[in-house]
Amino acid sequence: MVTEGHAILAVGGRPPSGRIARCLLASAPVPPLLLAVDFDGTITARDTLQVIVEEFGARGVWDELEPRLQAGEITIEEAMRQQFAAVTATTDEALAAVRREAPIRPGFERFVSWADRAGHRLTILSAGFRTVIDAVFADAGITGLEIRSNDIAFSREGARLVWADRGEICEHCGRRCKRHDLALRHAPDQHVVYVGDGISDRCASAQADTVFARASLAEHLEREGRQHIPFEDFHDVVSYLERLQPRAA
Ligand SMILES: [Mg+2]
Ligand SMILES: [Zn+2]
C-alpha cells in the first residue's frame, strides 16, 4: 500500500518492499503506473471553482457553506449546487477569470510528457468542470488527456451543474466519489499513484499505493496518520517517481 512508495524513498531506512521496489533493486523497467491526478488546486495553483465563485458568485455564500462542508453537515454536491446557482457569468467571463487567477502548477507539462514517454496511464479525476479543464489544458497546449469530471452550463441567470455518472453510492464515504472512477481504470496489481489536495480526494487516495498530497488533503492524511508525500509542484512529483524507474528511456 502507501508504505511501498515510502520505503523506496527511505534511503538508509528499512529495505524496499513490494513489486515496484523489487524492480528498482533489479534496475528493471517498472510496469506502467496508474497516475490519478486531481485538477483543481492540484494541477492548477488555485481552485478554479473558488476563483469563479469569488468573482461572480453571491458574497458570503462560500463562507457560510465551507465550515458546514468541512464538518460533514452537507455534501460537496449540495455546496456546489448552492454556490453556482448564484454565479451569473457567461462562459467567456468565467474562463477569463480562471486564466488570470488559476495558472497551471509548475512542472505539469513535464509530468505529462514524462508519463507519456514512460508508458504510464495518466487520468485526471476531477469534481470540477470539463468546460474549464479543457480551456486550461488548451491554453497550455496539452491535448489528449483522459479526463473524468462533472461539467457546468454558465449563464447570466445562474450556472447549472451537470453531474457525471459516478456509479453507485460509495460504501466507504457514502457519496458518489472518485473511488469509482479510479477502480474502473485500475488494472489488476497495477501500482496506483494519487496526486491531490482536497476533500474530494480523500476516499480515492485511500486506494492508492503512493499518495502525493498538499493543502487540506495533506492535513487530513496527517490527522488520520496515513503516509503521504508533500509536494509543491509537479517537478517534485516527477523527481520522486523517476526514482521508481532508474532506467527510464
Ligand atoms: Mg482539488
Ligand atoms: Zn468514496
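Strands S5 and S6 (residues 210-213) run parallel to each other and are joined over four bridges, in a model that is predicted. The chain holds 12 helices and seven strands, and the seven strands make up an open sheet of mixed pairing, in the order S4-S3-S2-S1-S5-S6-S7. Of the 249 residues of the chain, 36% count as buried, and among contacts between residues at least 6 apart in sequence, 59% join residues at least 24 apart.

**Strand S5 and its partners**

- On one side of S5 (residues 192-196), the partner is strand S6, where Ala213 stands opposite Gly196 of S5.
- Strand S1 (residues 34-37) also pairs with S5 in the parallel sense, again over four bridges, and in this pairing Leu35 stands opposite Val193.
- Because five of the five residues of S5 are buried, this strand is largely enclosed by the rest of the structure.
- In a regular strand the side chains alternate between the two faces of the sheet.
- Both faces of S5 are covered, with Val192, Tyr194 and Gly196 buried on one side and Val193 and Val195 buried on the other.

**The edges of the sheet**

- The sheet is an open one, running from S4 through to S7, and its edges are formed by strand S4 (160-162) and strand S7 (229-230), each of which has a single partner strand, so one side of each is left without a neighbour in the sheet.
- The partner of S7 is S6, to which S7 is joined by two bridges in a parallel arrangement, and Ile229 in S7 is the bridge partner of Phe212.

**Helices against the sheet and against each other**

- Helix H8 (residues 130-140) lies across strand S2 (121-129) and strand S3 (146-153), and H8 runs at about 130° to S2.
- Two packed helices are described by the angle between their axes and the distance between the axes.
- For helix H4 (residues 61-70) and helix H5 (residues 76-85), the axes come within 10 Å and cross at roughly 175°, which means that H4 is roughly antiparallel to H5.
- In this contact, Val61, Trp62, Leu65 and Leu69 of H4 meet Ile76, Ala79, Gln82 and Gln83 of H5, and the residues of the contact divide into six nonpolar, two polar and no charged.

**Residues with a positive phi**

- Most residues other than glycine have a negative phi.
- Asp189 departs from this pattern, since its phi is a positive value near 70°, and Asp189 is placed in the loop between helix H9 (178-185) and S5.
- Asp189 counts as exposed because 7 C-beta neighbours lie inside 10 Å.
- Ala215 likewise has a positive phi, with a value near 50°, and the place of Ala215 is in helix H11 (residues 215-224).
- With 15 C-beta neighbours inside 10 Å, Ala215 counts as partly exposed.

**Ser113 in helix H7**

- Ser113 belongs to helix H7, which covers residues 108-118, and Ser113 is exposed because 12 other C-beta atoms lie within 10 Å.
- Although Ser113 and Ile142 are 29 residues apart along the chain, their C-alpha atoms are separated by 9.6 Å.

Note on methods
Residues are numbered from 1 along each chain as its sequence is written. Chains are lettered from A and ligands numbered from 1 in the order in which they are written. This is a predicted model: local features need pLDDT of at least 70, side-chain atom pairs count only at pLDDT 80 or more; totals for chains, interfaces and linings use all residues. A residue is buried if 20 or more other C-beta atoms lie within 10 Å of its own, exposed if 12 or fewer, and partly exposed in between; C-beta atoms are placed from the backbone. Two strands pair if DSSP finds at least two bridges between them. Axes are lines fitted to C-alpha atoms, for helices over the stretch in contact, and angles run from 0 to 180 degrees between N-to-C directions. Angles under 35 degrees count as roughly parallel, over 145 as roughly antiparallel, 65 to 115 as roughly perpendicular and the rest as oblique. Two residues are in contact if their C-beta atoms, placed from the backbone, lie within 7 Å. Ala, Val, Leu, Ile, Met, Phe, Trp, Tyr, Cys and Pro count as nonpolar, Asp, Glu, Lys and Arg as charged, and the others, Gly among them, as polar.
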